[in-house]
Amino acid sequence: MNQHAASGMEIDRDGPTYSLDTVRALIAEGCPVNVRAGDSLWTGTPLEAAVSNENAEVLRVLIAAGASRDDQDAKNRALFLSILRKNTEAAQRLREYGARD
């Protein structure tokens, strides 16, 4: 696991790990929820990181904030990742949100 210099967050192959409070604060400050990271360790979206880290609460908050609302490919990638990791709760929530297998 590596420390990200700019934010102090932890990043590993499962993506950045943020607490629910941090995610809410970032959204409240206007941070975009659909940005694809360009870090050499993680290149996914916040939605994909929430699925990868099996964080249902963060996933719920990101969806409510409009994560990938108009990006069907991003929703489907997150669904694929949830199925690959056997994260049935995330898969169900993403299907309810409109992701397709």
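**Exercise 1.** At what angle do helix H1 (residues 20-28) and helix H3 (residues 56-64) pack, and how far apart are their axes? Work from the predicted model, and describe the contact as well as the geometry.

*Solution.* Two packed helices are described by the angle between their axes and the distance between the axes. For H1 and H3 the angle is about 15°, and the axes lie 9 Å apart. Angles under 35 degrees count as roughly parallel, and H1 and H3 are therefore roughly parallel to each other. The crossing of this pair, H1 with H3, is right-handed. Turning to the residues involved, H1 contributes Leu20, Val23, Arg24 and Ile27, which meet Glu57, Val58, Val61 and Leu62 of H3. Sorted by class, this contact of H1 with H3 comprises six nonpolar and two charged residues, with no polar ones.

**Exercise 2.** Determine which residues of helix H5 (residues 88-97) are buried, and establish how they are placed around the helix axis.

*Solution.* Begin with the buried set of H5, which consists of Ala90, Ala91, Leu94 and Tyr97. These residues cover an arc of only 125° around the axis, which puts them on the same side of H5. The spacing can be read against a general rule: an α-helix has 3.6 residues a turn, so residues three or four places apart point the same way. Next, consider the other side of H5, where Thr88 and Glu96 are exposed. As for partners, the buried residues of H5 pack against helix H2 (46-52), H3 and helix H4 (72-84). Finally, follow the chain past the helix: just after H5, Gly98 adopts a positive phi of about 115°.

Methods
Residues numbered from 1 in each chain as written. Predicted model: local features only at pLDDT ≥ 70, side-chain atom pairs only at ≥ 80, totals over all residues. Heavy atoms only, no water. Axes fitted to C-alpha atoms, helices over the stretch in contact; angles between N-to-C directions. Helix = DSSP H or I, 4+ residues; strand = E, 2+ residues; numbered from the N terminus. Parallel < 35°, antiparallel > 145°, perpendicular 65-115°, else oblique. Left-handed = near helix turned anticlockwise from the far one by under 90°. Contact = heavy atoms within 4.5 Å. Nonpolar A, V, L, I, M, F, W, Y, C, P; charged D, E, K, R; others polar. Buried < 20%, exposed > 50% of the residue type's maximum accessible area, 1.4 Å probe, protein only. Arc of directions from axis to C-beta.
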